[in-house]
Amino acid sequence: MNHDEAVRLAVYRGYVSDGRPPSIEVMAVQLALSADAVRDALHSLQLARHVVLRDDEIIMAHPFASIPLGFSVMGRDTLWWGGCAWDSFAIPQLCPDDP
């Protein structure tokens, strides 16, 4: 698995587990990569439209958003934000263990 795919999966795992993406530093430790390698992978993922970044912070990885955009899904303990109504339908499909 290349760095881009490993970082993309780490982003999604973070969103699923606690409603927000992991930081670059956390992903670097989790994936045994340098922070620069994670940052480079995130920029590559942004160019491919897999994530949206603002100042190297992950704002979106469809269907998840880390900022309130008006569409949300509430799990047992986690509130997830989505970018549109369709995202509100997709999020529960990606979080099947959380009612």
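**Exercise 1. A buried ring**

Task: is phenylalanine 64 buried or exposed?

Solution. Phenylalanine 64 has a relative accessibility of 1%, so this residue counts as buried. The cut-offs are these: buried means under 20% relative accessible area, exposed means over 50%, and partly exposed lies in between, with a 1.4 Å probe and protein chains only.

Before we go on, a word on the model. It is a predicted one, in which local features need pLDDT of at least 70 and side-chain atom pairs count only at pLDDT 80 or more, while totals for chains, interfaces and linings use all residues. Residues are numbered from 1 along each chain as its sequence is written, and side-chain values use heavy atoms, with hydrogens and water left out.

**Exercise 2. The partner of that ring**

Task: find how the rings of tyrosine 15 and phenylalanine 64 are arranged, and where the two residues sit in the chain.

Solution. Start with the general idea: the distance of the centres and the angle of the planes describe a pair of aromatic rings. Rings of Phe, Tyr and Trp (its six-membered ring) pair if their centres lie within 6.5 Å; planes under 30 degrees apart are stacked, over 60 edge-to-face, and the rest tilted. The structure holds three aromatic pairs. In the pair of tyrosine 15 and phenylalanine 64, the centres are 5.0 Å apart and the planes are at 10°, so the pair is stacked.

Next, place the two residues. Tyrosine 15 belongs to helix H1 (residues 3-18) and phenylalanine 64 to strand E3 (residues 64-65), so named from DSSP runs numbered from the N terminus (helices: H or I, at least four residues; strands: E, at least two). The two residues are 49 residues apart, and their pair links distant parts of the chain. Tyrosine 15 is buried too, because its relative accessibility is 0%. Finally, widen the view: ring pairs join Tyr12, Tyr15 and Phe64 into a cluster.

**Exercise 3. Two helix crossings**

Task: work out how H3 is oriented against H1 and against H2, and which residues meet.

Solution. Take H1 first. Its axis and that of helix H3 (residues 35-47) come within 9 Å and cross at roughly 85°. Axes here are lines fitted to C-alpha atoms, for helices over the stretch in contact, with angles from 0 to 180 degrees between N-to-C directions. H1 is therefore roughly perpendicular to H3, given that 65 to 115 degrees counts as roughly perpendicular, under 35 as roughly parallel, over 145 as roughly antiparallel and the rest as oblique.

Now the residues, where contact means heavy atoms within 4.5 Å. From H1 come His3, Asp4, Val7, Arg8 and Val11, which meet Val38, Ala41, Leu42, Ser44 and Leu45 of H3. By class, this contact has six nonpolar, two polar and two charged residues. The classes are nonpolar for Ala, Val, Leu, Ile, Met, Phe, Trp, Tyr, Cys and Pro, charged for Asp, Glu, Lys and Arg, and polar for the others, Gly among them.

Then repeat the steps for H2. The axes of H2 and H3 come within 8 Å and cross at roughly 110°, so H2 is also roughly perpendicular to H3. Ile24, Met27 and Ala28 in H2 meet Ala35, Val38, Arg39 and Leu42 in H3. This contact has six nonpolar residues, no polar ones and one charged.

**Exercise 4. The core**

Task: which residues have the most contacts inside the largest nonpolar core?

Solution. A nonpolar core is a set of buried Ala, Val, Leu, Ile, Met, Phe, Trp, Tyr and Cys residues joined through side-chain atoms within 4.5 Å. The largest has 22 residues, and those with the most contacts inside it are Val7, Val11, Met27, Val38, Leu42, Ile58 and Phe64. Two or more residues each come from H1, helix H2 (24-31), H3 and strand E2 (57-61). H1 gives the largest share, five residues.

For a close look, pick leucine 42. Neighbours within four places in sequence aside, leucine 42 contacts Val7, Val11, Ile24, Met27, Val51, Leu53 and Ile58.

**Exercise 5. Unusual backbone**

Task: where do a cis peptide bond and positive phi values occur?

Solution. Recall first that most residues other than glycine have a negative phi, and most peptide bonds are trans. The bond from histidine 62 to proline 63 is cis, with omega near 15°, and proline 63 lies in the loop between E2 and E3.

Phi is near 55° at aspartate 55 and about 65° at aspartate 56. Aspartate 55 lies in the loop between E1 and E2, as does aspartate 56. With a relative accessible area of 73%, aspartate 55 is exposed, whereas aspartate 56, at 28%, is partly exposed.
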